[in-house]
Amino acid sequence: MAHLYIYSPSGAVRNKAGFRRAIKRLEKRGHQVEIDPAALDSQQRFAGDDATRLAAIGRAAASGADVALMTRGGYGLSRILPQLPYKQIVRAIDKGTRFVGLSDFTAMQLALLAHEPHATTWAGNLLIDDWGREDGPDEITEACFDEMLDGSSEGAGWYVKKKEAERENTLGQSVLIEDATLWGGNLCVLTSLLGTPYFPQIEGGVLFLEEVGEHPYRIERMLSQLLWSGVLERQRAIVIGSCSDYQLVPHDKGYALEAAIQWLRSQCKTPVFTGLPHGHVPTKVLLPVGRQVTLAAEDRDRLLFWGHDHH
């Protein structure tokens, strides 16, 4: 099967049982699993100090693996972006290594995209959150991972409710956006890079966003920062994935995520689509950040298409 390199560039691994479960599951599927020597290191909240995690990224890039898969997200990549071995990572990608992650991985993905626009990375699985689940990985997530591995991954489709299609102005209508750069990731991490050299200057792209543990007013605040800075107006579409694990309070008085997204639509000319199965949830499609995509929306159907991987 595939050679997987497991490394920890962000937060320290706290769920050791999940880590062990994930390794066993991947090995049982026939994969050769190589674990970075510092994968379980810990320093404060990080998986080792900055130098340790930078060295782990370098080893992942030098491993020759089919996939470099991070153990978990958390925080840690933003503080080492100036020191990332960009050329080494790009060489690894050119030779066929797929760097896969989610959450804090957004920082590395976007910095790489800003430096090397042709280098594709994948927003998707985390070792522990997906493969280390007690009840096993979600079937769709697992299938998407397999398709990425064998090069047959070519797109993702989903279906929205009638009410949402009405909000998106696609009920009985169709929208087609072609040859657009797919980019995005975790909203909080992405917004934190605005104004830095690590924020890609993408024109006419399809921007996807996901979030976890943030109240809708915080999501709206970050979206407004992207809006007022001109980022959203320069895109051809915005696609919202899962925004999960937040608590509404009585004081909200009906203000919820839908209200935040509707406010965004009222302010932004760029079409805003929702329902993308991606984020901090069990069912998530893997998305090739940096690839050219086609986004089709017809009535209640949505399709994001990028074609076969040529590696």
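Helix 6 is followed by Gly151, whose phi is positive, near 85°; helices here are DSSP runs of H or I with at least four residues, and strands are E runs of at least two, numbered from the N terminus. I should say at once that this is a predicted model, in which local features need pLDDT of at least 70 and side-chain atom pairs 80 or more, while totals for chains, interfaces and linings use all residues. Residues are numbered from 1 along each chain as its sequence is written, and side-chain values use heavy atoms, without hydrogens and water.

At the N-terminal end of helix 6, Asp138 acts as the cap, with a side-chain oxygen 2.9 Å from the backbone nitrogen of Ile140.

Turning to burial, the buried residues of helix 6 (under 20% relative accessible area with a 1.4 Å probe, protein chains only, where exposed is over 50% and partly exposed lies in between) are Thr141, Glu142, Cys144, Phe145, Met148 and Leu149. They cover an arc of only 160° around the axis, taken from the directions from the helix axis to the C-beta atoms, and so they sit on the same side of helix 6. On the other side, Glu139 and Asp150 are exposed.

Let me finish with aromatic pairs, meaning rings of Phe, Tyr and Trp (its six-membered ring) with centres within 6.5 Å, stacked under 30 degrees between planes, edge-to-face over 60 and tilted otherwise. The whole structure holds five of them. In one, Trp122 and Trp306 have ring centres 6.3 Å apart and planes at 80°, so the pair is edge-to-face; Trp122 belongs to strand 5 and Trp306 to the segment after strand 13, 184 residues apart. Both Trp122 and Trp306 are buried.

Key. A polar contact is a pair of N or O atoms within 3.5 Å; within protein, one must be able to donate a hydrogen and the other to accept it, and residues adjacent in sequence count only if both atoms are side-chain atoms.
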